[in-house]
Amino acid sequence: MELKTVKLAYFSPTGTTKKVLEGIAETIGAESVQHIDLTRPDILSKDIPGIKDGLVILGAPVYAGRIPPEAEERFMKLKGNDVPAVVIAVYGNREYDDALIELRDIAVKQGFKPVAGGAFIGEHSFSSEEMPIAAGRPDTQDIGIARDLGQKIALKMKEIVTTGDIDELSVPGNIPYRERVHHDNIPPETDNSYCMKCQACVGACPTAAVTFNGEVITDADSCILCCACVKYCPTGARQMHNPMIERILERLLSRAVKERKEPVIFIE
Ligand SMILES: Cc1cc2nc3c(=O)[nH]c(=O)nc-3n(C[C@H](O)[C@H](O)[C@H](O)COP(=O)(O)O)c2cc1C
């Protein structure tokens, strides 16, 4: 199959998933690379035209071993029409558990034909200078593997004559998927002595949990703890003080999670 267009469809609150997808697209050799950024909440009220040709790379972060429900909700807006797809889960160096198989199943449900998959590592959303977890990832080495996957996808696409030639993609994970974990709704807070009222946090929030009315207001019920507001705050005014996250961080830092995990790719 000829590859004119590659579409990157992602939910990526802190931008690591987006970076991995861009790395893969770099070496595929398509004439154009288009972004379908599903991260911001306004996408939920928009129509996304059905995808009719090319290749789509679907990417999402791993939250508690699953695809975040907010990402799934957004992927449900895509119509695949038998277009080949690549599924990518990005995780913070703990594990990706059932997220990749779940993303494959979402892709199939939406009418895509998964041809390849991968699990990559991105800086953990909860990582900070004091408690770094997978800090700076994806790094050059990770992007090298993403580019390598891009080349392999290009070769595979040349071999495919019709989408009927595409066999079911096998990726690790359990069905049924692990239970979703419900978290304490203690969102990040704003330290007003550092806040410049630039509203970067408002723009970064994927669920419209952060609003501005003279000062920054956070709705605990809609916060998904993605930490986009913390990472995109230019002055460090957005801070997470959540005992549950502190416990998670201590666990992560005391376990094998400190050992560097490497990306894995699935393509035949
Ligand atoms: C609520 C929440 C749960 C997470 N659960 C996991 C997990 O189970 N395993 C893991 O390795 N990383 C986990 N992470 C880290 C993210 O998967 C990781 O930081 C990812 O790179 C974020 O992607 P993004 O930059 O595209 O938002 C979690 C992050 C959040 C916010």
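This is a short tour of the ligand site and of a few backbone features in the structure above.

The model is predicted, so local features are reported only at a pLDDT of at least 70 and side-chain atom pairs only at pLDDT 80 or more, while totals for chains, interfaces and linings use all residues. Residues are numbered from 1 along each chain as its sequence is written, and side-chain values use heavy atoms, with hydrogens and water left out.

**The ligand and its shell**

Begin by selecting the ligand and the 25 residues around it, where a residue counts as near if one of its heavy atoms lies within 4 Å of the molecule. Which residues come nearest to the ligand? They are S12, T14, T16, T17 and V62. If you colour the shell by residue type, you will find eleven nonpolar, eleven polar and three charged residues, with Asp, Glu, Lys and Arg counted as charged, Ala, Val, Leu, Ile, Met, Phe, Trp, Tyr, Cys and Pro as nonpolar, and the others, Gly among them, as polar.

Next, colour by domain: domain 1 (5–177 + 260–266) and domain 2 (189–241) each give at least three residues to this shell, the bounds coming from an automatic or database domain assignment.

**Polar contacts**

Now look for polar contacts, which here are pairs of N or O atoms within 3.5 Å. Select V62, where a polar backbone atom is 2.6 Å from an oxygen atom of the ligand. Move on to H124, which places a polar side-chain atom 3.4 Å from a nitrogen atom of the ligand, and then to S125, where a backbone N or O atom lies 2.8 Å from a ligand oxygen atom. Helix 1 (16–26) and strand 4 (84–91) are the elements that give two or more residues to the shell; helices (H or I, at least four residues) and strands (E, at least two) are DSSP runs, numbered from the N terminus.

**Backbone features in the loops**

Leave the ligand and select P138, in the loop between strand 5 (113–121) and helix 4 (140–159), where the peptide bond from R137 to P138 is cis, with omega near 5°. Then go to P176, in the loop between helix 4 and strand 6 (189–190); the peptide bond from I175 to P176 is also cis, with omega near 0°. Finish at D82, in the loop between helix 2 (69–75) and strand 4, which has a positive phi of about 70° although it is not a glycine.

Key: A polar contact is a pair of N or O atoms within 3.5 Å; within protein, one must be able to donate a hydrogen and the other to accept it, and residues adjacent in sequence count only if both atoms are side-chain atoms.
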